Amino acid sequence: MEYNAFITPSNRRFRFTRVITLIFISLFLNSCLSGNHIEKEIFYIPNGMEGKIFVLFDCEDGKPKKWKDGKRFYEIPFSGVLKTKFKENTGYITFKEESIAYEVDKYREWVEFHYVDDEYNPVRKINYCSLLCI
């Protein structure tokens with residue numbers, strides 16, 4: 001076997017360290033970019049209710065989890081305070097287009113608000129948009 005002066009133990013250590021560093025950087029970037037997308041939600045609000053709505057998540061004495069059309073389903077009581085067993089819906093929504101109008105329409109696909117009657121049948125959809133409309 002020939003001796004190669006260019007491959008020394010310090011070069012091998014440097015190469016190994018560089019490979020490990022690249023692996024950690026790629027794992028970190030992958031976790032940041034592929035992370036927590038929020039789940040779609042539907043809110044049923046009693047007709048005529050005005051004011052703020054509060055949803056308290058991860059409550060032991062909360063209402064059981066409900067789903068409608070593959071979306072989280074919240075039936076808000078007239079008090080405006082809902083306790084639910086759902087975990088908090090944190091994360092982000094990614095938009096591929098640049099226009100604000102597109103972002104508003106996309107947001108409305110993810111979160112819907114409806115006024116409902118006493119039996120929780122939808123009366124009308126609430127045209128709502130968060131800070132994206134400002």
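Colleague: Let's start in the middle of things. In β6, which residue is the bridge partner of I45?

Modeller: That's Y115. Keep in mind that we're looking at a predicted model. I45 belongs to strand β1, residues 41-46, and β6 covers residues 111-116.

Colleague: How many bridges join β1 to β6, and do the two run parallel or antiparallel?

Modeller: Pairing calls for at least two bridges between strands. Here there are 6, and β1 and β6 run parallel.

Colleague: What about β4, then: how many bridges join β1 to that strand?

Modeller: 4 bridges link β1 with β4, residues 71-75, again in a parallel arrangement. To find a spot on that side, look for I42, which stands opposite F73 in β4. So β1 pairs with both β4 and β6.

Colleague: Is β1 mostly covered or mostly open?

Modeller: Buried means under 20% relative accessible area. By that cut-off, 6 of the 6 residues in β1 are buried. E41, F43 and I45 point one way, I42, Y44 and P46 point the other way, and all are buried.

Colleague: How much of the protein chain is buried?

Modeller: Buried residues come to 25% of the 134 residues. As for the outside, the chain exposes about 10,300 Å², with carbon and sulfur atoms supplying 57% of that.

Colleague: And what pattern does the chain follow along the sequence?

Modeller: It reads α-β-β-β-β-β-α-β-β, with 2 helices and 7 strands in total. Among contacts with a separation of 6 or more, 63% are between residues 24 or more positions apart.

How values were computed:
Residues are numbered from 1 along each chain as its sequence is written. This is a predicted model: local features need pLDDT of at least 70, side-chain atom pairs count only at pLDDT 80 or more; totals for chains, interfaces and linings use all residues. Side-chain values use heavy atoms; hydrogens and water are left out. Buried means under 20% relative accessible area, exposed over 50%, partly exposed in between (1.4 Å probe, protein chains only). Contact means heavy atoms within 4.5 Å. Accessible areas come from the Shrake-Rupley method with a 1.4 Å probe; for residues, only the protein chains shown count as cover.
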